[in-house]
Amino acid sequence: MVTRPRVYITRRIPQEALHIVARHCDFEVWDRDEPVDPAVLAEKIREVDGLLTLLTDAVTEDLLARARRLRVIAQMAVGYDNIDVEAATRRGIVVTNTPGVLTESTADLAFALLLAAARQLPQAERSLREGRWTTWRPMEFTGQDVHGAVLGIIGLGRIGAAVARRAAGFGMQVIYYSRSRKLDLEAALGCRYVDLPTLLGEADFVSIHCPLTPETHHLIGEPELRRMKPTAVLINTARGAIVDEAALVRALREGWIWAAGLDVYHREPLPADHPLLGLERVVALPHIGSASIRTRTRMACLAAENLVAVLTGQRPPTPVNWTDPAP
Ligand code: NAP
Ligand code: GLV
């Protein structure tokens, strides 16, 4: 009898994705809404061929050292900074992620956050709900104009480019800084490449879309925030640790910048007593960039397809560290 691969799935995911896994593998799910207990994961990793992970799981070298037969880690996210890819590669373990299927939903959210922070939408709504709307006041809840403003994109990849496309509809001028220049996108989107200091000095809105890597950790710290305009708005839907959060709190308190719209944080979940949440000009969301029903389902299905592909000897659709076998 052929034994089926064994898989551990670290959270409840949509049924459509479980069906894909079930056709080829035996699987077990961490059947709770909270992240998998690290001690449980450390036991499970010893006995499985595949893991389906979320960005809340720390897949470290120490954890990987316990694996005996693991062949694939299929992450249900495009970002994979929670996984030690180098350690996985050394052990011959394939890592996969879910690029592309979440691009447009995440760009929608980044733009929603930009509009909300610029025009103080949550603050105004809170005021109405709390019975503080007593009259129309000439300068109450006045914010920054989005139309005609300069948008600076850091990391012109899939999501960055999708945000730039949305900006065109608002008549914004787009400048960008990225690891490499994108001449095709410059021509298609009419955006202009600048270095990071120039972007920070010229942009009315700065939106971060690069991955978290050793190079981008605290890419935006005190010197960078001090370069921004006092009327500027910082949007971060990438990863919290790209911004030095303590410096951001000072920047907002002392008026180096005007507002921030955040979906991601150093420590997630963000504690309710975090200093950022005491600042009136912060719009804070709980890491919901890709959270549409369709997109989260597509992410789970793509993660399942990646997992099954590796376990059935195929090239996965979206690998992070795949090398084709020698002919
Ligand atoms: P992507 O297509 O790989 O785009 C990332 C871009 O960042 C690339 O253009 C890359 O340049 C650039 N980059 C890399 N290192 C850089 C550096 N040191 N300095 C400047 N630019 C750099 O990725 P994506 O699909 O757009 O996703 C981007 C990130 O968004 C993910 O890594 C994830 O952390 C985050 N995300 C968050 C949510 C959420 O729910 N909030 C949802 C989805 C994604 P090259 O083109 O030269 O490689
Ligand atoms: C979400 O943050 C992702 O990286 O997909």
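Q: What makes you place proline 269 in a loop, and where does that loop lie?
A: In this predicted model, proline 269 sits between strand 11 and strand 12. Strand 11 covers residues 259-262 and strand 12 covers 282-284, so residue 269 belongs to neither of these two DSSP runs.

Q: Why is the peptide bond between glutamate 268 and proline 269 called cis?
A: Look at its omega angle: about 0 degrees, and the bond is listed as cis.

Q: What makes phenylalanine 141 stand out, and where is it?
A: Its phi is positive, at about 55 degrees, although the residue is not a glycine. You can find phenylalanine 141 in the loop between helix 6 (121-129) and strand 6.

Q: How do you know that strand 11 and strand 12 are paired?
A: Count the bridges: three join strand 11 to strand 12, and the two run parallel. Pairing needs at least two bridges, so three is enough. One partner couple you can look up is leucine 262 with alanine 284 of strand 12.

Q: Why are strand 8 and strand 12 called edge strands?
A: Each of them pairs on one side only. They belong to an open sheet of seven strands with parallel pairing, in the order 8-7-6-9-10-11-12. Strand 8 is residues 192-193.

Q: Which helices lie across strands of this sheet, and what makes that a contact?
A: Helix 7 (residues 158-169) lies across strand 6 (150-154) and strand 7 (173-177), at about 170 degrees to strand 6. Helix 11 (residues 245-253) lies across strand 10 (233-236), strand 11 and strand 12, and makes about 140 degrees with strand 11. The cut-off for contact is heavy atoms within 4.5 Å.

Q: Why do strand 2 and strand 5 each have a side without a neighbour in the sheet?
A: This is another open sheet, with five strands in the order 2-1-3-4-5 and parallel pairing. Strand 2 (26-29) and strand 5 (94-96) stand at its edges with a single partner strand each, so one side of each has no neighbour in the sheet. On average, neighbouring strands here are turned by 15 degrees against each other, direction ignored.

Q: How do you know that strand 4 pairs with strand 5?
A: Three bridges link strand 4 (residues 72-75) with strand 5. At least two are needed, so the two strands count as a pair. Alanine 74, for example, has threonine 96 of strand 5 as its bridge partner.

Q: Which helices pack on or lie across the strands of this sheet?
A: Helix 1 (residues 15-22) touches strand 1 (6-9) and strand 2, and its direction makes about 145 degrees with that of strand 2. Helix 12 (residues 293-311) lies across strand 1, strand 3 (50-53), strand 4 and strand 5, at about 165 degrees to strand 4.

Q: What makes the approach of histidine 287 to ligand 2 a polar contact?
A: A side-chain N or O atom of histidine 287 is 2.7 Å from an oxygen atom of ligand 2. The limit is 3.5 Å, so this pair passes. A polar side-chain atom of arginine 239 comes to 2.8 Å from a ligand 2 oxygen, and a polar backbone atom of glycine 79 is 2.8 Å from one as well. The protein buries 86% of the 190 Å² that ligand 2 exposes when taken alone.

Q: How do you know that leucine 156 makes a polar contact with ligand 1?
A: A backbone N or O atom of leucine 156 is 3.5 Å from an oxygen atom of ligand 1. The rule says within 3.5 Å, so this pair just qualifies. For lysine 182, a side-chain N or O atom is 2.2 Å from a ligand 1 oxygen. Arginine 239 also appears here, with a polar side-chain atom 3.2 Å from an oxygen atom of ligand 1. The protein covers 87% of the 930 Å² of accessible area that ligand 1 has on its own.

Q: What classes of residue make up the shell around ligand 1?
A: Nine are nonpolar, twelve polar and six charged. Among the residues that come nearest are Arg179 and Ser180. Arginine counts as charged and serine as polar, so these two fall into separate classes.

Notes:
Residues are numbered from 1 along each chain as its sequence is written. Chains are lettered from A and ligands numbered from 1 in the order in which they are written. This is a predicted model: local features need pLDDT of at least 70, side-chain atom pairs count only at pLDDT 80 or more; totals for chains, interfaces and linings use all residues. Side-chain values use heavy atoms; hydrogens and water are left out. A polar contact is a pair of N or O atoms within 3.5 Å; within protein, one must be able to donate a hydrogen and the other to accept it, and residues adjacent in sequence count only if both atoms are side-chain atoms. Accessible areas come from the Shrake-Rupley method with a 1.4 Å probe; for residues, only the protein chains shown count as cover. Helices (H or I, at least four residues) and strands (E, at least two) are DSSP runs, numbered from the N terminus. Axes are lines fitted to C-alpha atoms, for helices over the stretch in contact, and angles run from 0 to 180 degrees between N-to-C directions. A residue is near a molecule or strand if one of its heavy atoms lies within 4 Å of it.
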